[in-house]
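Reader: Please take me through the structure below, setting each value against the definition behind it.

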Amino acid sequence: MYIRKLYTLVFLRNDTHILLGLKKRGFGVNKWNGFGGKVEADETILDAALRELKEECCVTVDRDNLKNIGHLEFTFTGEPTLMDVRVFSATVFEGTPTETDEMSPKWFPYTEIPFEDMWPDDVIWFPYMLKDKLFFGKFHYKGYDTILNYNVEELESM
Ligand SMILES: Nc1nc(SCCc2ccccc2)c2[nH]cnc2n1
């Protein structure tokens, strides 16, 4: 029985590139990732996604343009929490991605995603996102670098 904690993860995309941020502090520091973080008690998951995106790279998205594309669950050996991560993407957004205290943003061609400097699970589920397939993935880690087991499936709807 895990303590479930909600998180968001947002990816901005265009025809040829995806926006990633290099995490400058905190959980996942020094890894490239989407933009996101905890969902606070007083906000919806969608509002948290929009808030974190703006805080972390100064980009705003109309809530109608933010699509829920995936759901990831992470557990870590010996830890009671389950990270329940709701993944979103958008192709229409306002503002220019700008470095903040949290993140250093950069556009990557789809052929040059830096998986060696990302979470180990990303290379497993990114293909679903890049093929515009909805997905649900569960990953159990030993420490923060080793995946002990996982399952990823395509969903017909979120
Ligand atoms: N891609 C990816 N992201 C995360 S955490 C994303 C949510 C988050 C949590 C805390 C601060 C900011 C963002 C992962 N954890 C384990 N594997 C992972 N892969």
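**Contacts and the ligand site**

Author: A polar contact of 2.6 Å links the side chains of Thr75 and His140. The model is a predicted one, in which local features need pLDDT of at least 70 and side-chain atom pairs count only at pLDDT 80 or more, while totals for chains, interfaces and linings use all residues. Residues are numbered from 1 along each chain as its sequence is written, and side-chain values use heavy atoms, with hydrogens and water left out.

Reader: Why is the pair Thr75 and His140 called a polar contact?

Author: The term asks for a pair of N or O atoms within 3.5 Å and, within protein, for one able to donate a hydrogen and the other to accept it, while residues adjacent in sequence count only if both atoms are side-chain atoms; the pair is joined at 2.6 Å, and therefore falls within that limit.

Reader: What makes Thr75 buried or exposed?

Author: Buried means under 20% relative accessible area, exposed over 50%, and partly exposed in between (1.4 Å probe, protein chains only); Thr75 has 10%, so it is buried.

Reader: Which side chains have polar atoms beside a nitrogen atom of the ligand, and at what distances?

Author: An N or O atom in the side chain of Asp121 is 2.7 Å from a ligand nitrogen, a polar side-chain atom of Asp122 lies 2.9 Å from one, and for an N or O atom of the Asn33 side chain the distance is 3.0 Å.
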